[in-house]
Amino acid sequence: MCVAFLGLDWVEEVFEGKLPKAAQVICDIRMGATVRAALQAGGAPYNERLRHLPDTEMHAKIYLSDDGAVVCSANATHAALSGRNRIEDGIWVKAGGA
């Protein structure tokens, strides 16, 4: 997944509490919205598949799996993923689909 911000409970919200071993995450930590505890939930600083882009601002939100991809406006935060009081937009692209 490539996402601008990781919320405190992102592993619970996105992966039901258990980060898959093969998960790869790229996030932007320069703006400070991704807190240390959120990075630690992803295994930082020891998870080689959790990376940040130190000299680049990123606003992308792409969630990719073997089943397809979601390209959307939602960060990996409770506010964005809960569906309450927030409108997010995106598309689902089926694997191998046009």
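Two strands count as paired here if DSSP finds at least two bridges between them. With that in mind, let us walk through this predicted model, starting at the sheet.

**The sheet**

The sheet is open and has 6 strands, arranged in the order β3-β2-β1-β4-β5-β6 with mixed pairing. Its edges are β3 (50–52) and β6 (90–94), each of which pairs on one side only. As a reminder, strands of a sheet pair through backbone hydrogen bonds, either parallel or antiparallel.

Four of the pairings are set out below, each with one bridge as a landmark for your viewer.

| Strands | Sense | Bridges | One bridge pair |
|---|---|---|---|
| β1 and β2 | parallel | 2 bridges | Val3 and Cys27 |
| β1 and β4 | antiparallel | 2 bridges | Val3 and Lys61 |
| β4 and β5 | antiparallel | 4 bridges | Ile62 and Val71 |
| β5 and β6 | antiparallel | 5 bridges | Gly68 and Lys94 |

A good place to begin is Val3, whose bridge partner in β2 is Cys27 and whose partner in β4 is Lys61. Strand β1 itself covers residues 2–3, while β2 covers residues 25–27. Further along, β4 is joined to β5 by a hairpin through 2 residues. At the edge, β6 is hardly covered, and the count of buried residues among its 5 residues is 0.

**The nonpolar core**

In soluble globular proteins, nonpolar side chains tend to be buried together. Here the largest nonpolar core holds 17 residues, and the members that touch the most others are Met1, Val3, Leu6, Trp10, Val25, Tyr63 and Ala76. At least two residues of this core come from each of α1, β2 and α2.

Val3 is worth a second look. Which residues does Val3 contact once its neighbours within four places in sequence are set aside? Its partners are Ile26, Cys27, Asp28, Met58, Ala60, Lys61, Tyr63, Ala74, Asn75 and Ala76. Both of its bridge partners, Cys27 and Lys61, appear in that list, and so do the core members Tyr63 and Ala76.

**The largest pocket**

Now for the empty space. The largest pocket encloses about 220 Å³. Its lining consists of Met1, Val14, Phe15, Ala23, Gln24, Tyr63, Leu64, Ser65, Gly68, Ala69, Val70 and Trp92. By character, these lining residues divide into 9 nonpolar and 3 polar, with no charged residue. The elements α1 (10–15), β4 (61–65) and β5 (68–72) each contribute at least two residues to the lining. Met1 and Tyr63 link this part of the picture to the previous one: they line the pocket and also belong to the largest nonpolar core.

**Two backbone details**

Most residues other than glycine have a negative phi, and most peptide bonds are trans. Two spots in this model depart from that pattern.

Glu16 is not a glycine, yet it has a positive phi of about 55 degrees. You will find Glu16 in the loop between α1 and β2. Is Glu16 buried or exposed? Exposed means over 50% relative accessible area, and Glu16 counts as exposed because its relative accessibility is 72%.

The other spot is the peptide bond between Ala44 and Pro45, which is cis, with omega at about 5 degrees. Pro45 sits in the loop between α2 (36–41) and β3.

Terms used. Residues numbered from 1 in each chain as written. Predicted model: local features only at pLDDT ≥ 70, side-chain atom pairs only at ≥ 80, totals over all residues. Heavy atoms only, no water. 1 Å grid on protein atoms, 1.4 Å probe; cavity = no way out; pocket = protein on both sides within 12 Å on 5 of 7 lines; lining within 4 Å. Points joined across faces, edges and corners; volume = space filled by probe spheres on them. Nonpolar A, V, L, I, M, F, W, Y, C, P; charged D, E, K, R; others polar. Buried < 20%, exposed > 50% of the residue type's maximum accessible area, 1.4 Å probe, protein only. Core = buried A, V, L, I, M, F, W, Y, C linked by side-chain atoms within 4.5 Å. Contact = heavy atoms within 4.5 Å.
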